[in-house]
Amino acid sequence: MSNNVVRYNNGFDTVPLRNFTPIEMNIFWSICSKMKRKGTREVTFSFETFKELAHYDRREKDKFYTAMKNISEKLGTLTYKFEDENIFEQLWLFQRFVVRKEEETVTIQASDRFEFILNSIGSNFTRFELENMTQLSSGYVKELYRQLMSHRDINKRSGAWFVKIEDFRFALDIPPSYRMSDINRQIFKQAEKEFLAKDKYGHQIFQKFRVEKVKAHKGNKIGSLRIYFKEVDNLPHITFHDWTKEEND
């Protein structure tokens, strides 16, 4: 199993990957993995770099070029927002994203503020193995996985996410038309299946996954969720160290 890691400041967990397909999510997180500790300089990668990381198995050059173009267009609408009583700020993730069809390369340059999100993480960060993300097939399950990773106890390799139902809907970009029965079927049942499944090497992402639904104080509607998970002990464990002392890849 690969040991490529995605990590970023927890503030980015408030940004849903709206309208991204599952394979586009894989490519996006592959980009984040490769851009950490790259600062704001331009970096050029071959198509093969992201095909391999994202487990993209279509061989046609035009198809991957189109996929990269679609990601670039969606990145143009993907922004990180901050607001308090006095300030509203919106920032874009990349200041340059150039896809070259004939050369089969992509040149990427992070914006100043997104570089901060990727690298100046302090103790408030989300971290997950890229291989786990690309192993998941459902877009909703991918988004749920990264939210859960922001609530993980690193030492215990387990955690819990207590969240209001309206915040859960926003985090996963769930349409208003989805009822709780739809969320159960399309998200929680699918998540349980994918999180607990073993791949061809015998690895699985979670050993345990459980969802508790808490009713609102008034009426019979669900007001909040308690989502518990525990990672499998035999997953590769990556030792933490001082990232600031590590040389650029």
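**Strands, a helix and a pocket**

Trp161 stands opposite Ile227 in strand 11. The model is predicted.

Colleague: How do you know that strand 9 and strand 11 pair?

Modeller: Pairing needs at least two bridges. Seven bridges join strand 9 to strand 11 (residues 222-231), so they count as paired. The two run antiparallel.

Colleague: Why are strand 8 and strand 9 said to pair?
Modeller: Strand 8 (residues 152-153) and strand 9 (residues 158-164) share two bridges. The rule asks for at least two, so the pair qualifies. Their sense is antiparallel. Asp153 stands opposite Ser158 in strand 9. Four residues lie between the strands of this hairpin, where Arg157 takes a positive phi near 55°.

Colleague: Which residues of helix 4 are buried?
Modeller: In helix 4 (residues 112-119) they are Phe114, Ile117, Leu118 and Asn119. Each is called buried because its relative accessible area is under 20%. These residues pack against several elements, among them helix 1 (22-35) and strand 6 (105-110).

Colleague: What makes the link at the start of helix 4 a polar contact?
Modeller: A side-chain oxygen of Ser111 reaches to within 3.2 Å of the backbone nitrogen of Phe114. The cut-off for such N or O pairs is 3.5 Å, so this pair falls inside the limit.

Colleague: Why is Phe20 in the second largest pocket counted as nonpolar?
Modeller: Phe is on the nonpolar list, so Phe20, one of the lining residues, belongs there. Arg18 and Lys81 also line the pocket, and Arg and Lys count as charged. The lining has five nonpolar, four polar and two charged residues. The pocket volume is about 220 Å³.

Note on methods
Residues numbered from 1 in each chain as written. Predicted model: local features only at pLDDT ≥ 70, side-chain atom pairs only at ≥ 80, totals over all residues. Heavy atoms only, no water. 1 Å grid on protein atoms, 1.4 Å probe; cavity = no way out; pocket = protein on both sides within 12 Å on 5 of 7 lines; lining within 4 Å. Points joined across faces, edges and corners; volume = space filled by probe spheres on them. Buried < 20%, exposed > 50% of the residue type's maximum accessible area, 1.4 Å probe, protein only. Contact = heavy atoms within 4.5 Å. Polar contact = N/O pair within 3.5 Å; in protein donor to acceptor, adjacent residues only side chain to side chain.
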